[in-house]
Amino acid sequence: MMEPLTEEEVMRVLTEARSRDLGYERVFSTMCTRPHPIAVRAHQMFLETNLGDAGLFPGVAEIEARTIRMIGDLLAHPEAVGYISTGGTESNIQGIRAARNASGRRDGNIVVPASAHFSFDKIGDLLHLEVRKAQLDSDLKVDLSSVESQVDDKTVALAGIAGTTEFGQVDPIDGLSKIALDRGIHLHVDAAFGGFVLPFLGRDDLKWDFRVKGVSSITTDPHKMGLSTIPAGGLLFRDLRDVMSLQLDTHYLTVAKQASLTGTRSGAAAAATFAVMALLGRQGFEIIVKGCMDVTRHLVSGAKEIGIEPMIAPVMNVVALQVPKTPEVRSELAKAGWHVSMSREPHRALRIILMPHVTVENVNLFLKDLDRILRGINK
Ligand code: 0PR
């Protein structure tokens, strides 16, 4: 190992490295943001706690249980059971793993929308499940007849997305629920992004949470729009039975069983999530989400003024702008300091997430640069 450095030298190395990390101001490609200050305080307080051996940390274990109740309440099922995971990937893996375990199959498949996050491909690999992708309709929602045509006796779960990664679209969860109930299969809703947006939009027409009968599990990430610290994911099940299908004996820990994927896991993330949710309450999140939606509408109307249309009218604070030569435009934007991403083919577009750190001022500057770049490209 290397010779020890002085504390000052260590800090110099870290400070230099940190100075090369980007600030969030011009990052329009991320679903993360600066955590709320109270989340940072809570995180620091609970840094050394480990929910993987919860008997040693009953204080933070109780905080996690209260956090799950608050999230359950947001998802219209306060009795829901689950835990604070490391993020959407772990929550999706575990939601589907519970379904697979309950089915008793080792040669099954899952049917997910073509718009599903790539974590579902990891699931196929890890759990030995065939991942069948159902087509999207013209609104970029999953097409129910395509789902139906792919379901068979080996299907262990369906997934629907409430807030797709690339378009912010919400799948017809009630339609998926009907198929799941008819067939007696698990329906997992990936609301990794939408879980902390949709409840605050005041849109009763969007039905996607536990109010929909066939929904068995939901992913919802505090480290995205929940303003918590990384790594904070949420996984909630309607029934305890699903959590039990994930449990293994731990043999020698202070708790006899463990249902989480990771062993050692952060109590800090749970405390941070609790802190933001308790401080902001529903009203606080409504204000934040309204702010993001105002900035989203501002971006879309500004884009229209320079002749650019979104793929769909934004449902939440994710916008896919249709521009010519998308990869070129994206790299020209990067030269001007703007970080945006792209949606996949066949729905290629500039993908922009209007997180709470994105301001109207920066959207205006961005649009100016975008206009200039497009004029150059069209020449
Ligand atoms: N499900 C959905 C719908 C998602 O959008 C994401 C992540 C996940 C699951 C997986 O969540 P974790 O990354 O927490 O495991 N969506 C973002 C994306 O792929 C993740 C992200 C965040 C990427 C910040 C980049 C970044 O800078 O765009």
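Biologist: Where is Pro231 found?

Modeller: Look in the loop between β6 (215-219) and β7 (233-237); Pro231 is there. Keep in mind that this is a predicted model.

Biologist: And how do I read the peptide bond from Ile230 to Pro231, cis or trans?

Modeller: Check the omega angle. For the bond from Ile230 to Pro231, omega is near 5 degrees, and the bond is cis. You can try that on another bond too: from Glu345 to Pro346 the peptide bond is cis, again with omega near 5 degrees. Pro346 lies in the loop between β12 (341-342) and β13 (350-353).

Biologist: What about phi at His251, positive or negative?

Modeller: His251 isn't a glycine, yet its phi is positive, about 65 degrees. To find His251, go to the loop between β8 (248-249) and β9 (257-258).

Biologist: Now the ligand. Which residues come nearest to the ligand?

Modeller: Start with the shell around it, counting residues with a heavy atom within 4 Å. There are 17 residues around the ligand here, and Thr89, Thr165, Asp190, His223 and Lys224 come nearest.

Biologist: How many of the shell residues are nonpolar, polar or charged?

Modeller: Sorted by class, three are nonpolar, ten are polar and four are charged. As for where they come from, helix α4 (residues 88-103) gives the most, with three residues. Domain 1 (7-34 + 281-377) and domain 2 (37-279) each supply at least three residues to the shell.

Biologist: Which atom of the ligand is 2.6 Å from the side chain of Asp190?

Modeller: That's a nitrogen atom of the ligand, paired with an N or O atom in the Asp190 side chain. Two ligand contacts involve oxygen: a polar side-chain atom of Thr165 lies 2.7 Å from a ligand oxygen atom, and one of His223 lies 2.9 Å from a ligand oxygen atom.

Biologist: How much of the ligand's accessible area does the protein cover?

Modeller: On its own, the ligand has 590 Å² of accessible area, and the protein covers 77% of that.

Biologist: Last one: in which pocket does the ligand sit?

Modeller: In the second largest pocket.

Terms used: Residues are numbered from 1 along each chain as its sequence is written. This is a predicted model: local features need pLDDT of at least 70, side-chain atom pairs count only at pLDDT 80 or more; totals for chains, interfaces and linings use all residues. Side-chain values use heavy atoms; hydrogens and water are left out. A polar contact is a pair of N or O atoms within 3.5 Å; within protein, one must be able to donate a hydrogen and the other to accept it, and residues adjacent in sequence count only if both atoms are side-chain atoms. Accessible areas come from the Shrake-Rupley method with a 1.4 Å probe; for residues, only the protein chains shown count as cover. On a 1 Å grid over the protein atoms alone, a cavity is a set of points where a 1.4 Å probe fits but cannot get out, and a pocket is an open set with protein on both sides within 12 Å along at least five of seven lines; lining residues have an atom within 4 Å of a point. A molecule sits in a cavity or pocket if more than half of its atoms lie within 2 Å of its grid points. Helices (H or I, at least four residues) and strands (E, at least two) are DSSP runs, numbered from the N terminus. Ala, Val, Leu, Ile, Met, Phe, Trp, Tyr, Cys and Pro count as nonpolar, Asp, Glu, Lys and Arg as charged, and the others, Gly among them, as polar. Domain bounds come from an automatic or database domain assignment.
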